[in-house]
Amino acid sequence: MDGRIDGFTCAAGTGGTIAGNDGPVGGVSARDGMAPGARIFFQDLSGPALANGVDHFPDLNDLYIVPYLGNAGGAARISSNSWGGNSGGAYDISCLQVDQFMWAHKDFLIFFSNGNSGAAGTVGSPASAKSICSAGGTQ
């Protein structure tokens, strides 16, 4: 991944952390991604028309079935999500839907970022789902 995703730096950073590989351009960086050269199934839930807000599917089961089933390029078994709502850590309908998908597709793993819609150290929804992996970082 070369970071050129039309200004969506969060997606570029996350994608680079997952699959970054500078080998094809002669690089020798020790900072390649965790799975250099892995393919990414990218879904955009935001953009300028939404004022960079997020507009996800009403039922998140419908969001995750798309990469799970795949396309001509293949299917995904890991989903990295850098979005969420400020729920104060509450378990809400979005959490339930993510857990439903994970229960029905045990060979799929969903990651969510913490702190997207709250203060540092907060966990929102659906990062507070029970069957996923949520992670956060500090500077």
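No disulfides turn up here: a search of the whole structure finds 0. The model is a predicted one. The protein chain has 139 residues, and 26% of them count as buried. Its secondary structure comes to 3 helices and 3 strands. The strands form an open sheet.

**Cysteines**
- Cys95 counts as buried, because its relative accessibility is 0% and the cut-off for buried is under 20%.
- Cys133 has a relative accessible area of 30%, so this residue is partly exposed, between the 20% and 50% limits.
- Cys133 also has a place in the sheet, as the bridge partner in E3 of Phe111.

**The chain as a whole**
- Reading along the sequence gives the pattern α-α-β-α-β-β.
- The protein chain exposes about 8,500 Å². Carbon and sulfur atoms supply 56% of that area.
- Take the contacts in the protein chain with a separation of 6 or more: 56% of them come from residues 24 or more positions apart.

**The sheet**
- Strands of a sheet pair through backbone hydrogen bonds, and the pairing can be parallel or antiparallel.
- In this sheet the pairing is parallel, and the 3 strands stand in the order E1-E2-E3.
- Strand E1 (78–81) and strand E3 (133–135) stand at the edges. Each has a single partner strand, so one side of each is left without a neighbour in the sheet.
- From one strand to the next, the twist averages 20 degrees.
- E1 pairs with strand E2 (residues 109–113) over 4 bridges, in the parallel sense.
- Two residue pairs show how E1 and E2 line up. Ile78 has Leu109 in E2 as its bridge partner. Ser79 stands opposite Ile110 in E2.
- On the other side of the pairing list, E2 and E3 run parallel and are joined by 3 bridges.
- A right-handed β-α-β unit is made by E1, helix H3 (residues 93–104) and E2.

**Two faces of the strands**
- Side chains alternate along E1. Ser79 and Asn81 point to one face and are buried. Ile78 and Ser80 point to the other face and are not buried.
- E2 has two faces as well. Ile110 and Phe112 make up its covered face. Leu109, Phe111 and Ser113 make up the uncovered one.
- Put the faces and the pairing together. Buried Ser79 stands opposite Ile110, a residue on the covered face of E2. Ile78, which is not buried, has Leu109 as its bridge partner, and Leu109 belongs to the uncovered face.
- Phe111, also on the uncovered face of E2, pairs with Cys133 in E3.

**Loop before E1: Ala76**
- Ala76 lies in the loop between helix H2 (60–69) and E1.
- With 12% relative accessibility, Ala76 falls under the 20% cut-off, so this residue counts as buried.
- Which residues does Ala76 contact, leaving aside neighbours within four places in sequence? They are Phe41, Pro67, Tyr68 and Phe108.
- Ala76 and Phe108 are 32 residues apart in sequence. Their C-alpha atoms are 7.9 Å apart in space.

**Loop between H3 and E2: His105**
- His105 is found in the loop between H3 and E2.
- Is His105 buried or exposed? Its relative accessibility is 15%, so His105 counts as buried under the 20% limit.
- His105 touches Ile65 and Tyr68, not counting residues up to four places away in sequence. Tyr68 is also among the contacts of Ala76.

**Loops with Gly84 and Pro126**
- Gly84 lies in the loop between E1 and H3.
- Gly84 has a relative accessible area of 22%, which is not under 20%, so this residue is partly exposed.
- Pro126 lies in another loop, the one between E2 and E3.
- Gly84 and Pro126 are 42 residues apart in sequence. In space they are 6.1 Å apart, C-alpha to C-alpha.
- A cis peptide bond joins Ser125 and Pro126. Its omega is about 5 degrees.

Conventions. Residues numbered from 1 in each chain as written. Predicted model: local features only at pLDDT ≥ 70, side-chain atom pairs only at ≥ 80, totals over all residues. Heavy atoms only, no water. Pairing = 2+ DSSP bridges. Axes fitted to C-alpha atoms, helices over the stretch in contact; angles between N-to-C directions. Buried < 20%, exposed > 50% of the residue type's maximum accessible area, 1.4 Å probe, protein only. Right-handed = clockwise from strand over helix to strand, strands pointing away. Contact = heavy atoms within 4.5 Å. Areas by Shrake-Rupley, 256 points an atom, 1.4 Å probe, with all protein chains shown as cover. Disulfide = S-S within 2.5 Å.
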